[in-house]
Amino acid sequence: MGLAGVDVIVVGGGIAGLAVAAGLRQRGAQVLVLEQAGDFREVGAGLQISPNGARVLQALGLGDGLSQSAMRSRAVVLHEGASGRQVMRLDLPEGGAGFHLVHRADLIALLASALDGVQTRFVAQVAHVNTQGPRARVTLQGGEVLAADLVLGADGLHSVIRPAMQGGAVESPFFTGQVAWRALIPAAPDSLPEAQVFMGPGRHLVSYPLRGGRVRNIVAVEERKAWASEGWNHPDNPANLRAAFAGFGGPVPDWLAQVSSVYLWGLFRHPVARHWHNGHAAILGDAAHPTLPFMAQGANMALEDAWQLLRCLQHAPIDRAFHAYQNARRDRVAKVIKAANHNARNYHLRPPLAQIAHAGLRLASKLRPDAALRQFSWIYDYDVTRA
């Protein structure tokens, strides 16, 4: 259809929304971003941008900014939780698009820096969307109605736009029996730019430095029956985190002793949306396919979605473009989500299976040190900007 002069409303100012808004504006569209918060602030802490996501940022002209905002990761190192003993080290490639450790707020700021010419409205909460007719219509809380040629829903886990794609019905998520804590602590000056994973029975902890090594990110996951609310903003007592990982060794006790503020959320599994588009509207990112964090691919899938949607809209009429976009993305994100779910099980093995599996990983890392990383090359080597 071409995008020059097309009016687009993007609902949501997170990673997916800002990436697609920046790309639309670069292609000549008139873009309005609606964000329900008071600014482009992003809750959360650290995230990992792998090469498949980094290529999108580079294509948007943000490669230098990513290098300045993020730390380039050298390795992923797996450890036994109790002893802290290394199980496997996966050295990451030094060249190419690279693996990056970045604070979520810094990535949001980087994407927001590319919004020159994009209109933004904060404290703008969408109540309803009508996707049919010659133009889509968005109704805000309070009754104001906005119209556009296209509406793109990048409004996350609890998307208001997603139900309109499904004819009003949305499958309910279910609690996975896992909860996650997140915290930030000061990092030691000599912290290596590596993601460390400590694995134990029914739980694991991931940590890596951020912001030039000044801050350390901690995400800790535990299997349990006690339900916890979904979302990033539920404060918890640090003593609960320390109790859950009291049996862990290595640097973990020292890290957890420094935690003064922690947030807890329940991990829920959401089905990938059956339909990603309807009339003049489409969804992307977590609005289409919420992803559990065990492959660190949520942000990367959102970036891939944004680029694929841009390409399809540029080269086909709306209905064909949206259809091609869903066809290009749905199977891939479903496969990534399946891999993430499998990773969670591998991290939480119990004796004696854990000892057998860890011994196998140690042997494999000696015989074929690059094999573990190569099994996920279908994720990391993927280049949506050329696909």
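Contacts and strands in a predicted model

User: In this predicted model, which residue lies over the face of Y263, and at what distance from the ring centre?

Analyst: The model is predicted. An arginine counts as sitting over a ring if its CZ atom is within 6 Å of the ring centre and within 35 degrees of the ring normal. The residue over the face of Y263 is R182, and its distance from the ring centre is 4.3 Å.

User: Which strands stand at the edges of the open sheet of three strands?

Analyst: The order of the open sheet is β9-β10-β11, and its pairing is antiparallel. Each edge strand has a single partner, so one side of it is left without a neighbour in the sheet. The edge strands are β9 (126-130) and β11 (145-148).

User: Which residue of β10 is the bridge partner of H128?

Analyst: Strands of a sheet pair through backbone hydrogen bonds. Here β9 is joined by four bridges to β10 (residues 136-140), and the two run antiparallel. In β10, the partner of H128 is T139.

User: Are the planes of F175 and F268 stacked, tilted or edge-to-face?

Analyst: Planes under 30 degrees apart count as stacked and those over 60 as edge-to-face, with the rest tilted. The ring centres of F175 and F268 lie 5.4 Å apart, and the angle between the planes is 45°. F175 belongs to strand β13 and F268 to strand β18, so the pair ties together parts that are 93 residues apart in sequence. The pair is tilted.

User: Why is the pair of F245 and F248 called edge-to-face?

Analyst: Both residues are buried, and ring pairs link them with W181 into a cluster. An angle over 60 degrees between the planes counts as edge-to-face. The ring centres of F245 and F248 are 5.0 Å apart, and the pair is edge-to-face because the planes stand at 80°.

User: Is R121, which forms a salt bridge with E144, buried, partly exposed or exposed?

Analyst: In this salt bridge the closest N and O atoms are 3.0 Å apart. R121 lies in strand β8 and E144 in the loop between β10 and β11, so the pair ties together parts that are 23 residues apart in sequence. Buried means under 20% relative accessible area and exposed over 50%. With 31% relative accessibility, R121 is partly exposed.

User: How many residues apart are D106 and R211?

Analyst: The side chains of D106 and R211 meet in a salt bridge, at 2.9 Å from N to O. D106 is in helix α4 (residues 104-112), while R211 is in the loop between β15 and β16. This pair links distant parts of the chain, and the separation is 105 residues.

Notes
Residues are numbered from 1 along each chain as its sequence is written. This is a predicted model: local features need pLDDT of at least 70, side-chain atom pairs count only at pLDDT 80 or more; totals for chains, interfaces and linings use all residues. Side-chain values use heavy atoms; hydrogens and water are left out. Two strands pair if DSSP finds at least two bridges between them. Rings of Phe, Tyr and Trp (its six-membered ring) pair if their centres lie within 6.5 Å; planes under 30 degrees apart count as stacked, over 60 as edge-to-face and the rest as tilted. Buried means under 20% relative accessible area, exposed over 50%, partly exposed in between (1.4 Å probe, protein chains only). A salt bridge is a side-chain nitrogen of Lys or Arg within 4 Å of a carboxyl oxygen of Asp or Glu.
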